[in-house]
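Please look over the model below before reading the points that follow. They take the sheet, then the annotated sites, then a few buried elements.

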Amino acid sequence: MIRASKPLLRLLIPGQYSPFRRLHAGSRRRRYSKNDNDDDDKNDKGTHLHLYKSKGQHLLTNQRILDTIVRKSAIEPTDTVLEIGPGTGNLTVKLLEAASKVFAIEIDSRMVEILDKRALESGLQDRLTVIRKDALKAEFPLFDLVVANIPYNISSPLVAKLVFGPIQFRSATLLLQKEFARRLLAKPGDSEFNRLAVNVTLVADVEHVMDVSKREFVPCPKVDSSVVIIRPKAQVPDVNMEEWLAFTRTCFGKKNKTLGATFKQKKKVAELLNFSDMAASNAEYNDGGDDDESADSDGEEDCSSSSGSSEMGVSPFKEKIMKVLKSGCFDGKRPSKMSNEELLRLLAMFNDAGVYFHDKSNTKCEDINCE
């Protein structure tokens, strides 16, 4: 936990204590030391703001960088902007000046109080709506753009919620941990190429804008950051997303292992056989046209009684998988070097052969976490 004393608050909440010009100069000189963390003046508790590194509360104070983020976001006067994790509102105030409406999602009640006060002081309170909820659990309102310095610890699930969510938006300008941004921008063959990049680039284009030094944040994090812009594609491949996400999870579990070696594992073959059984069972019920029976066919017990792939057994099913891989010359390929086009073609070949990857008995949605 970081304790911010009154001098430091001049950096965190510039409008309340000093002109932006002084903040811009001060933010570049200021270095946050552990001595500030030990300052426990009981007579001055009202001027302290506790910041929690564990919650990703690293506040960007450099006005030049904040201005660049807003400019690169290409905000129109009629736009509605979604900001996640606004903190003390250094970016929020600039968004309010540029957009018609800003929804700010902030779970910390102390930050909410500061946001409301700053919006009121700027005369732009009518443009701001603060949603005091967990961003991963909250239902997002309709928006045109996302502009946010998001907490590092929720980067992957939050990106997934945005790009695979139901809301159509123009772009998301995000300040991310530099290492995470590099994984997001990685191409096939790069050492950082991973499942995260594969899934995001299926539905969106990612652009690197700039790197941001860790010294521009209060408190100073351990790593540098990067600004990226994610733009959803106008057209995406016609693929079942749950099946795709499960397929990439299987392939990228050991991304440098050949697909032939990955799909020879007995445990993996048995798992895919079970998933394929359920898919075949559901297809049979759906073909029968009885909606009530189809709704009851999701249980594993019913699926295991299917006359589909379960009668084949593990060994014959393994031969089927190997046949698919060899027919497309995929058995010797490694996921870390494969393009989305190749992966899509392989998934289509598997599905055509009756091999499925999504566990239909599990109602929990797949995520794009590369781990």
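**Notes on the predicted model**

1. The model contains an open sheet of 7 strands in the order S6-S5-S4-S7-S8-S11-S9, with mixed pairing. Its edge strands are S6 (128-131) and S9 (204-212), each of which pairs on one side only. Neighbouring strands of the sheet are turned by 20° against each other on average, direction ignored. Axes are lines fitted to C-alpha atoms, and angles run from 0 to 180 degrees between N-to-C directions. Strands (E, at least two residues) and helices (H or I, at least four) are DSSP runs, numbered from the N terminus; two strands pair if DSSP finds at least two bridges between them.

2. Basis of the values: this is a predicted model, in which local features need pLDDT of at least 70 and side-chain atom pairs count only at pLDDT 80 or more, while totals for chains, interfaces and linings use all residues. Residues are numbered from 1 along each chain as its sequence is written, and side-chain values use heavy atoms, with hydrogens and water left out.

3. At one edge of the sheet, S6 pairs with S5 (residues 101-105) in the parallel sense over 4 bridges. Within this pair, Ile105 stands opposite Ile131 of S6.

4. Towards the other edge, S8 (residues 171-177) and S11 run antiparallel and are joined by 6 bridges; Leu174 has Val228 of S11 as its bridge partner. S11 also pairs with S9, in the antiparallel sense over 8 bridges, and there Asp211 stands opposite Ser226 of S11. Of the 8 residues of S11 (residues 225-232), 6 are buried. Buried here means under 20% relative accessible area, with exposed over 50% and partly exposed in between (1.4 Å probe, protein chains only).

5. An unreviewed UniProt entry places the feature "binding site" at His58, Leu60, Gly85, Glu106, Asp134 and Asn149. Such annotations may be inferred rather than shown by experiment. Two of the listed positions, Glu106 and Asn149, are taken up below.

6. Glu106 sits in the loop between S5 and helix H7 (109-122) and is buried, at a relative accessible area of 7%. Leaving aside neighbours within four places in sequence, Glu106 is in contact (heavy atoms within 4.5 Å) with residues including Gly85, Pro86, Gly87, Ile131 and Arg132. A polar atom of the Glu106 side chain lies 3.2 Å from the backbone nitrogen of Gly87.

7. Asn149 belongs to strand S7 (residues 145-149). What is its relative accessible area? The value is 18%, and Asn149 is therefore buried. Not counting residues up to four places away in sequence, Asn149 touches His58, Leu60, Ile84, Gly85, Leu91, Leu175 and Phe217. The backbone oxygen of His58 is 3.1 Å from a polar atom of the Asn149 side chain.

8. Helix H8 (residues 155-163) has 7 of its 9 residues buried, so the helix is largely enclosed by the rest of the structure. The buried residues are Ser155, Ser156, Leu158, Val159, Ala160, Leu162 and Val163. They pack against strand S4 (80-84), S7, S8, helix H9 (178-185), helix H10 (195-203) and S11.

9. Thr248 lies in helix H11 (residues 241-251) and counts as buried, at 0% relative accessibility. Leaving out residues up to four places away in sequence, Thr248 touches Arg195, Val198 and Asn199.

Key: A polar contact is a pair of N or O atoms within 3.5 Å; within protein, one must be able to donate a hydrogen and the other to accept it, and residues adjacent in sequence count only if both atoms are side-chain atoms.
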